[in-house]
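The following exercises are to be worked with the sequence and the model at hand. Each task is followed by a solution that proceeds step by step.

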Amino acid sequence: MPDKTDWEALMDGAFGRRSRPTAETSARRDAEQARRKLEELMARQPAAPAALQKNAARLADAAADQAEQIRRLGGEMTENLRRDGLLPQEKPAPAAPDTAFAGLAEQLEQTVIGQPDFVRALVRAFRRPFVLGYAPGGARNTILIWGGEGTGRHFALQTLAGLLAEKGVLDSANLATMDLARYPGPGQEKLFLQDLYAALTAPGQILVFDHYEECHPGFLNLLAGLVQEGKAPLASRYVVQKGMLVDAGTALVPGAVGELTARDKYLVFFSHKGPDAMAERFGGPFAAALGDVCATAPFTPESLRVLAAGQLNRTVRRAKERLGVTLTMTEEVRDLAAGMADAARGAEPIVAFCDRVYKAVGQYLLEREPQPGLTVALSVQEGQLLAAFGADEARPLLAEVDESAGALARVEAELDKIVGLNEVKTYVRGLADHVRVQRRRKAQGLPAGSLTMHMIFTGNPGTGKTTIARLISQYLKAVGALRGGQLVEVSRADLVGRYVGHTAPLTEQVIRSALGGVLFIDEAYSLYRGKEDSFGLEAIDTLVKGMEDHRDELVVVLAGYSREMAQFLTANSGLASRFAQTIEFPDYTAEELLKITELQAAGRGYVLDEGCKAPLLAYYARRQAEDAAKAGNGRMARNTLEQAILNQSRRLVADPDAPLDRLLIGDFELEE
């Protein structure tokens, strides 16, 4: 006997197998009753065929109406049960693989610009199991997708999943994603297994793994089992409770889960590194089990122009549909947008630039409410985007909405306020000039080189090294060289671990926190305490590797005394070569320290009496000549001012009529 359907089983449970109502059985029963009655009537009154025929027709109509009512009731009940999740949803019949994949690469290339080889490889990877087959229950295919940031890796996969779902090849366009950086140590084992089980049982046939480089090796072994064998045994006993994998301990429970299976999923690994790096991390058998390797390529100048043109066309359509204005632009606008791309973020800055253009036009309309049908002409002059609204004169467009423009002005103003350090300021502004020139070169299709911006700051304490490092991080963000602009300030205690195996993960965690900004290591020479300092050497080696792996999204600044820093650079053969610029911070002169004191006092609402200046100059000159390192430079000026403010408070208690904002020479403690 064939298996019952879900509907039949449900009806048997509700009404009993013999008595459950169906449209078919009800109609058959009513028709049989009508036939028997007709035969009886014909037997009793053969002389009245017309009346018998009329009665028979009426009975047949009644039976048909009843059957239709039951059929409609059954259909409504079925639909309600399916909508409530008690019956499975009907799925469209999948398209034949040859039909579904025909022309798919060309269709995907219309959206994923500038990566034709990658697109074809990705489509081929998803077609492979339909052509070569795979073990049921195992992985359909294991795919490595690697390449630089902003080259369209994640976008291409999501778009392809959507297309395959539309064609019925995949049940869903859903991508279950696991960020393996969340599981750096053995302490995250239970969390890892719970997340992996949830991802394997999630809707859809694609499971994505990101940042495998930062995952604990023990967990990678389990993933290797899924890839190579289609299943991976669990070291402990687990059960499934409310959809979650729970450790059962030593309890004897029915339905214990002893292994995880790939469940016919595509297993996709994302990385910035190729298959060789994956083989080093997972082992040779894992690399051999990879079905496909799909690599994105750096964008060419021409592909960036095409991508920029597409994004600008999208902006034109949005402006027309939502703002009611017509945008026109020159080819220089397209080239300016294309030049926004960089090695660290790929084409992402192009999209951000076009969004800023749209917001800037919208801001203008909000403030001025021009007449409908306005035309806005975009052009470029000296690397700056200009906009002419109607018959108005062209003006800078992004200044009002672009945060970076305001941030750059603020950083410039703060840099100007810093006393002295003229050579340091010149170098900082030179970095911004280099970024702008390279962007213009890219816009014109010329090769754009990257500048090594790692720096060494040497000098005595209090000479402004930390302040300049903070301004550099903000400055580079404002000009588009760094995406975050944060300053992460650390010392030896933040990088060197307390036991074997602790240092490298600790240093890697610090590096990750600084990506997109500046990592400032004060007293960096303390990392190297001689060849016997294995922990310090491990931190330095990890730092050098991180600088190489993230050279386009991280600036490292090492600070310390000149002589000690020279010795420190010998700790690793690759260390000195990665710091092309050493900036010496000179000690402040007495005049500069006096100016610092006046600026700090003004910032706190105080003024120095004229009689304070000569004694302060003499005091600062003497202290700097004796030992600037011990005196503290700028810190000495700050401490001197704070002591004077405290002394003034005591004086004002005795003399309530004295000015509250004036500091007198007697308030300063200028020791002889």
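**Exercise 1. The chain as a whole**

What percentage of the 672 residues in the protein chain is buried? State also the secondary structure content and the share of long-range contacts.

Solution. The model is a predicted one. Step 1: a residue counts as buried when its relative accessible area is under 20%. By that criterion, 42% of the 672 residues are buried. Step 2: the protein chain contains 24 helices and 19 strands. Step 3: among contacts with a separation of 6 or more, 71% join residues that lie 24 or more positions apart.

**Exercise 2. The packing of H8 and H9**

Determine how helix H8 and helix H9 are arranged relative to each other, and identify the residues that meet.

Solution. Step 1: two packed helices are described by the angle between their axes and the distance between the axes. Step 2: the axes of H8 (residues 189–200) and H9 (residues 217–229) come within 11 Å and cross at roughly 25°. Step 3: angles under 35 degrees count as roughly parallel. H8 and H9 are therefore roughly parallel to each other. Step 4: their crossing is right-handed. Step 5: H8 contributes Glu189, Phe192, Leu193, Leu196 and Leu200, which meet Phe219, Leu222, Leu223 and Leu226 of H9. Step 6: sorted by class, this contact has eight nonpolar residues, no polar residues and one charged residue.

**Exercise 3. The packing of H23 and H24**

Carry out the corresponding analysis for helix H23 and helix H24.

Solution. Step 1: H23 (residues 613–631) and H24 (residues 634–654) pack with their axes 10 Å apart, at an angle of about 130°. Step 2: this angle makes H23 oblique to H24. Step 3: the crossing of H23 and H24 is right-handed. Step 4: on the H23 side, the contact is made by Leu616, Tyr619, Tyr620, Arg623, Gln624 and Ala631; on the H24 side, by Met636, Ala637 and Thr640. Step 5: by class, the contact of H23 with H24 has six nonpolar, two polar and one charged residues.

**Exercise 4. The five-stranded sheet and the helices across it**

In what order do the strands of the open sheet of five strands occur, and which helices lie across strands of this sheet?

Solution. Step 1: strands of a sheet pair through backbone hydrogen bonds, either parallel or antiparallel. Step 2: the open sheet has the order E14-E15-E16-E13-E17, and its pairing is parallel. Step 3: strand E14 (487–490) and strand E17 (581–585) are the edge strands, each pairing on one side only. Step 4: neighbouring strands of this sheet are turned against each other by 20° on average, direction ignored. Step 5: between E15 and strand E16 (residues 555–560), which run parallel, there are four bridges. Val518 stands opposite Val555 in E16. Step 6: helix H17 (residues 465–478) lies across strand E13 (455–459), E14, E15, E16 and E17, and runs at about 155° to E13. Helix H19 (residues 503–514) lies across E14 and E15, at about 135° to E15.

**Exercise 5. Positive phi angles in two loops**

Where do Asp264 and Glu523 lie, and how exposed are they?

Solution. Step 1: Asp264 has a positive phi of about 60°, although it is not a glycine. Asp264 lies in the loop between strand E6 (257–261) and strand E7 (266–271). With a relative accessible area of 26%, Asp264 is partly exposed. Step 2: Glu523, likewise not a glycine, has a positive phi of about 50°. The loop that holds Glu523 runs between strand E15 (518–521) and helix H20 (534–549). Glu523 has 43% relative accessibility and so counts as partly exposed.

**Exercise 6. Two charged residues in helices**

Is Arg153 buried or exposed, and is Glu331 buried or exposed?

Solution. Step 1: Arg153 lies in helix H7 (residues 153–166). Its relative accessibility is 5%, so Arg153 counts as buried. Step 2: leaving aside neighbours within four places in sequence, Arg153 is in contact with Phe118, Ile145, Trp146, Gly147, Gly148, Phe270, Ser271, His272 and Thr296. Step 3: Glu331 is found in helix H13 (residues 331–338). Exposed means over 50% relative accessible area. At 58%, Glu331 therefore counts as exposed. Step 4: Glu331 and Ala309 are 22 residues apart along the chain, and their C-alpha atoms are separated by 9.0 Å.

Terms used. Residues are numbered from 1 along each chain as its sequence is written. This is a predicted model: local features need pLDDT of at least 70, side-chain atom pairs count only at pLDDT 80 or more; totals for chains, interfaces and linings use all residues. Side-chain values use heavy atoms; hydrogens and water are left out. Axes are lines fitted to C-alpha atoms, for helices over the stretch in contact, and angles run from 0 to 180 degrees between N-to-C directions. Angles under 35 degrees count as roughly parallel, over 145 as roughly antiparallel, 65 to 115 as roughly perpendicular and the rest as oblique. A crossing is left-handed if the near helix is turned anticlockwise from the far one by less than a right angle, and right-handed if clockwise. Contact means heavy atoms within 4.5 Å. Ala, Val, Leu, Ile, Met, Phe, Trp, Tyr, Cys and Pro count as nonpolar, Asp, Glu, Lys and Arg as charged, and the others, Gly among them, as polar. Buried means under 20% relative accessible area, exposed over 50%, partly exposed in between (1.4 Å probe, protein chains only). Two strands pair if DSSP finds at least two bridges between them.
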